[in-house]
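Reader: I am a first-year student, and I would like to look closely at one part of a protein model before I try to follow the rest. Could you take me through it slowly, and then show me how other parts can be read in the same careful way?

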Amino acid sequence: MSSEVKSIHEFDINIICEYYSNFQRQGPGSKEVTLKALSFINNLNENSKIVDLGCGTGGQTMILGQNTAGQIIGVDLFPTFINIFNKNVQQFNLQHKVKGEIGSMDNLSFKDEELDLIWSEGAIYNIGFERGLKEWRKFLKKGGYIAVSEASWFTEKRPPEIEKFWNDAYPAIDTIPTKVLQMQKAGYVPVAAFILPENCWTENFFEPQIEIQKEYLETHKDNTPIIEFIKNQQYESVLYNKYKQYYGYVFYVGKKL
Ligand code: SAH
């Protein structure tokens, strides 16, 4: 079966974007996990500048906005997500401190040592974990923090089916000790690394998709690219349930000295 399944890179970005604009989150996560990662960060006050890179529609950014002092800018490549993000800002009454901007994480225009905190949930893979950590570091003040979640292996060895899936989707997936070492080598003190609980995937990521997938399959019967995309999403969920002891998302928090 796995050889017939396409990798996520083969799908039209517009299909992916429209599909994910139906959800509060575009990746695995939860309010509890965002707050847990935030609990390791102790340098924030009302003058702080925070950015959330690859913010999507802002599920986690609104939680940051409600629980931190300072200003937050959410950055995402896709205008559809930023539109929804800025509507969410109004709904949460956070317009005095949160705003969404279109931009790319590989071409940021912040000043050197301008930021107190760089946040990125389930998005640094777009630039690559090591490259993101290295390139973004200059924007942080000394003593500033970075907090990112990233797909990681939990074991040294994995069954071939799941190994193949991730090597197609994101070959830079690696074990937790390797990622922690990469963070240290990129110039941060690793402050925390913790595994996201399963409900971040099941309840918060796969389950909300079930209804929308049904709708898509019914309303796009003749649209092969969309049907293939939905099947791919369903396969991802099957794989997670089958192999969740081997991989998941891990939050990594680092401090720039
Ligand atoms: N942080 C959100 C979204 C994660 S999905 C959440 O956890 O729910 C990954 C996000 O990265 C998507 O919103 C996608 O549009 C965004 N993205 C992809 N490439 C990007 C780039 N080069 N610069 C900024 N954002 C990017």
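Which residues are buried in helix H7 (residues 176-185)?

Author: Please keep in mind from the start that this is a predicted model. In helix H7, which runs over residues 176-185, the buried residues are Ile176, Lys179, Gln182 and Met183. They cover an arc of only 120° around the axis, and they therefore lie on the same side of H7. If you turn to the other side of H7, you find Pro177 and Lys185, which are exposed.

From here we can move to strand E7 (residues 188-195), where valine 189 lies. Valine 189 has a relative accessibility of 36%, and because buried means under 20% and exposed means over 50%, it counts as partly exposed. Together with Phe40, Val191 and Leu257, Val189 forms a nonpolar patch on the surface, and the accessible area of these residues together is about 330 Å².

A strand with a good deal of cover is E1 (residues 49-53), in which four of the five residues are buried. E1 pairs in the parallel sense with strand E2 (residues 71-76) over five bridges, and in this pairing leucine 53 stands opposite valine 75 of E2. E1 also pairs in the parallel sense with strand E4 (residues 115-120), here over three bridges, and isoleucine 50 stands opposite leucine 117 of E4. Helix H3 (residues 59-67) belongs in this picture too, since E1, H3 and E2 make a right-handed β-α-β unit.

The charged side chains give another way to read the model, for the structure holds 12 salt bridges. One of them joins the side chains of lysine 142 and glutamate 113, with a distance of 3.7 Å from N to O. This pair links distant parts of the chain, as lysine 142 is in strand E5 (residues 140-153) while glutamate 113 is in the loop between strand E3 (98-102) and E4, 29 residues apart. Lysine 142 counts as exposed because its relative accessibility is 62%, whereas glutamate 113, at 39%, counts as partly exposed.

Another salt bridge is found within helix H6, where the side chains of lysine 164 and aspartate 168 meet at 2.6 Å, N to O. The two residues are four apart in H6 (residues 160-169), so about one helical turn separates lysine 164 from aspartate 168. Lysine 164 counts as partly exposed because its relative accessibility is 36%, and aspartate 168 counts as partly exposed at 35%.

In helix H8 (residues 202-219), lysine 214 and glutamate 211 are three residues apart, so that about one helical turn separates them. These residues form a salt bridge in which the closest N and O atoms are 3.3 Å apart. Lysine 214, with a relative accessibility of 46%, counts as partly exposed, and so does glutamate 211, for which the value is 48%.

To return to your own question, the picture to keep of H7 is a helix with Ile176, Lys179, Gln182 and Met183 buried, and with Pro177 and Lys185 exposed on the other side.

Note on methods:
Residues are numbered from 1 along each chain as its sequence is written. This is a predicted model: local features need pLDDT of at least 70, side-chain atom pairs count only at pLDDT 80 or more; totals for chains, interfaces and linings use all residues. Side-chain values use heavy atoms; hydrogens and water are left out. Buried means under 20% relative accessible area, exposed over 50%, partly exposed in between (1.4 Å probe, protein chains only). Two strands pair if DSSP finds at least two bridges between them. A crossover is right-handed if, with the strands pointing away from the viewer, the path from the first strand over the helix to the second runs clockwise. Patches are made of residues with over 30% relative accessible area and no salt bridge: like charges are joined within 9 Å, nonpolar side chains (Val, Leu, Ile, Met, Phe, Trp, Tyr) within 5 Å. Accessible areas come from the Shrake-Rupley method with a 1.4 Å probe; for residues, only the protein chains shown count as cover. A salt bridge is a side-chain nitrogen of Lys or Arg within 4 Å of a carboxyl oxygen of Asp or Glu. The arc is that of the directions from the helix axis to the C-beta atoms.
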